[in-house]
Amino acid sequence: MHSSSSLSSCLSLKSHSLTSLITSTNDNSRSKKIKPHVLQVSAFSYQKFIHFALSEAKSRTVLVASPLQEKFNSMTAMDGRTELKMLSFQASKIRLLRSLSIENEAMQVLDFAAFARPEFDVPIFCANFFTAASMNIIVLDLNPLHNLIDKSDYKEKYYKSLFPVGLKYAELFPWGGKLTSESLQFFSPVVIWTKFTTSQYRHDDLYSAFVDYYKAWLELVDLAVEEKDASQIICNREAQHKYLTWRAEKDPGHGVLKRLIGESLAKDVIRNFLFSGIDELGSKGFLDYFPEYRCNDGNINEKRSIIGKSFECRPWDAKGEFIGNNMKI
């Protein structure tokens with residue numbers, strides 16, 4: 001879940017921080033008297049976001065249920081109270097559009113993502129939202145399929161028109177703190193990475209951002225022209241496979257899922273639902289893409305960052321130019 005599953009996509013968050021939040025909120029929920037702020041959390045629901053996304057997509061294309069839907073639809077966590085709901089669809093240009101929502105009296109989670117088919121180089125829509133009693137952890141982005149520094153034409157093609165809306169929400173949602181340099185390669189200059197205290201008006205702003213970003217993504221899909229060059233299709237497929245491989249291994253929401261449904265089921269949901277495509281789009285493993293994570297014994301280093309760099313401020317300027325190399329780390 002960005003996240004996790006990804007709580008998404010919160011590629012940059014440290015899993016222990018999410019786990020501590022879950023531990024704290026679950027401990028509170030066990031008390032006989034539910035505190036008012038816990039009730040406040042249950043007043044929020046990300047179902048509104050999902051309903052909008054599906055309705056908007058259906059107004060533009062023909063969505064059909066993904067084959068994943070038969071196996072991955074709903075689960076009840078080991079606590080007997082927390083419900084996990086999963087939806088998945090596909091369309092002529094969309095390989096997978098899927099959502100995972102988790103709800104109980106102490107937290108609300110949404111992991112929503114959409115992937116184009118490899119014949120299109122459209123960015124990946126990514127929304128990873130986590131709401132607890134006193135804190136929201138948010139990642140919303142159109143994750144680039146290709147490196148924006150190496151491929152300036154890709155940035156021009158897909159992000160130039162998005163900079164105004166990105167600047168608007170960058171003002172509403174301040175940068176959320178340290179983001180590792182490894183994670184940064186999967187984010188765009190318009191990413192919303194933020195934390196804020198739970199309140200109705202902040203969630204209203206978040207809904208507006210979700211609507212604007214999702215509409216922008218659907219518009220890019222509408223305008224996308226099918227690639228005919230076989231080599232470029234292969235390039236797109238490998239880029240998406242690399243993204244899925246990173247997320248399936250390093251997504252910070254893994255700990256939350258393991259806590260809720262156990263390690264075995266969590267691995268199944270992560271690999272075969274949230275980041276479905278790992279087994280179909282390519283054969284490379286994590287260490288093939290990220291050899292710097294190889295330990296002496298051949299295993300994958302569990303650290304989130306090997307380089308050890310992180311960015312406490314937004315590392316792009318108003319024009320979407322990367323300025324991270326000039327910033328203090």
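Modeller: Let us start with one side chain: that of Thr-131 makes a polar contact with the side chain of Asn-136, at 2.5 Å. Please keep in mind throughout that this is a predicted model.

Colleague: Where does Thr-131 lie, and is Thr-131 buried or exposed?

Modeller: Thr-131 belongs to strand β6. Its relative accessibility is 0%, so Thr-131 counts as buried. The Thr-131 side chain also makes a polar contact with the side chain of Tyr-46, at 2.6 Å.

Colleague: How should I read the nonpolar interior, and which residues have the most contacts inside the largest nonpolar core?

Modeller: The general idea is that nonpolar side chains tend to be buried together in soluble globular proteins. In this model the largest nonpolar core has 99 residues. Those with the most contacts inside this core are Phe-125, Phe-129, Phe-210, Tyr-214, Trp-217 and Leu-257. The element that gives the most to this core is helix α7, residues 200-223, with 12 residues.

Colleague: Which residues does Tyr-214 touch, leaving aside those up to four places away in sequence?

Modeller: Tyr-214 touches Phe-52, Ala-53, Glu-56, Ala-57, Leu-97, Phe-112 and Phe-125. Two of these names, Glu-56 and Phe-125, will return below.

Colleague: How do I read the aromatic rings, and how many aromatic pairs are there?

Modeller: The count comes to 35 aromatic pairs. For each pair, one looks at the distance between ring centres and the angle between the planes; over 60 degrees counts as edge-to-face. The rings of Phe-125 and Phe-210 have centres 5.6 Å apart and planes at 85°, so this pair is edge-to-face. Phe-125 lies in strand β6 (residues 124-131) and Phe-210 in helix α7, so the pair ties together parts that are 85 residues apart in sequence. Phe-125 counts as buried, at 0% relative accessibility, and Phe-210 likewise counts as buried, at 0%.

Colleague: What is the arrangement of the rings of Phe-186 and Tyr-243?

Modeller: Their centres are 5.8 Å apart and their planes stand at 75°, so Phe-186 and Tyr-243 form an edge-to-face pair. Phe-186 lies in the loop between α6 (181-184) and β9 (192-196), and Tyr-243 in helix α8 (residues 230-250), so parts that are 57 residues apart in sequence are tied together. Both Phe-186 and Tyr-243 are buried.

Colleague: Which residues do ring pairs link into a cluster?

Modeller: The cluster is made of Tyr-46, Phe-49, Phe-52, Phe-112, Phe-125, Phe-129, Tyr-207, Phe-210, Tyr-214 and Trp-217. Among them is Tyr-46, the polar partner of Thr-131.

Colleague: Which charged residue lies over the face of Tyr-207?

Modeller: Lys-48 does, at 4.0 Å from the ring centre. In another case, the charged end of Arg-202 sits over the ring of Phe-196, 5.0 Å from its centre.

Colleague: How should I read pairs of charges, and how many salt bridges are counted?

Modeller: Side chains of opposite charge can pair when their charged atoms come close. The count here comes to 15 salt bridges. The side chain of Arg-60 meets that of Glu-56 in one of them, at 3.3 Å from N to O. Arg-60 is partly exposed, at 30% relative accessible area, whereas Glu-56 is buried, at 17%.

Colleague: Where do Arg-60 and Glu-219 lie in the chain?

Modeller: Their side chains meet in a salt bridge, again 3.3 Å from N to O. This pair links distant parts of the chain, with Arg-60 in the loop between α3 (47-58) and β1 (64-65) and Glu-219 in helix α7, 159 residues apart. Glu-219 counts as partly exposed, at 37%.

Colleague: How many residues apart are Lys-267 and Glu-263 in helix α10?

Modeller: As a general idea, residues three or four places apart in an α-helix point the same way. Lys-267 and Glu-263 are four residues apart in helix α10 (residues 263-274), which means that about one helical turn separates them. Their side chains meet in a salt bridge of 3.3 Å, N to O. Lys-267 is partly exposed at 49%, and Glu-263 is partly exposed at 46%. Elsewhere, salt bridges that share partners join Glu-56, Arg-60, Glu-219 and Asp-222 into one network.

Colleague: Which residues of α10 are buried, and what covers them?

Modeller: Ala-266, Asp-268, Val-269, Ile-270, Phe-273 and Leu-274 are buried in α10. Their cover includes the strands β2 (74-76), β3 (83-90), β4 (94-103) and β5 (108-116), together with helices α8 and α9 (254-261).

Methods:
Residues numbered from 1 in each chain as written. Predicted model: local features only at pLDDT ≥ 70, side-chain atom pairs only at ≥ 80, totals over all residues. Heavy atoms only, no water. Core = buried A, V, L, I, M, F, W, Y, C linked by side-chain atoms within 4.5 Å. Buried < 20%, exposed > 50% of the residue type's maximum accessible area, 1.4 Å probe, protein only. Helix = DSSP H or I, 4+ residues; strand = E, 2+ residues; numbered from the N terminus. Contact = heavy atoms within 4.5 Å. Salt bridge = Lys/Arg side-chain N within 4 Å of Asp/Glu carboxyl O. Phe/Tyr/Trp six-rings, centres within 6.5 Å; stacked < 30°, edge-to-face > 60°. Lys NZ or Arg CZ within 6 Å of the ring centre and 35° of its normal. Polar contact = N/O pair within 3.5 Å; in protein donor to acceptor, adjacent residues only side chain to side chain.
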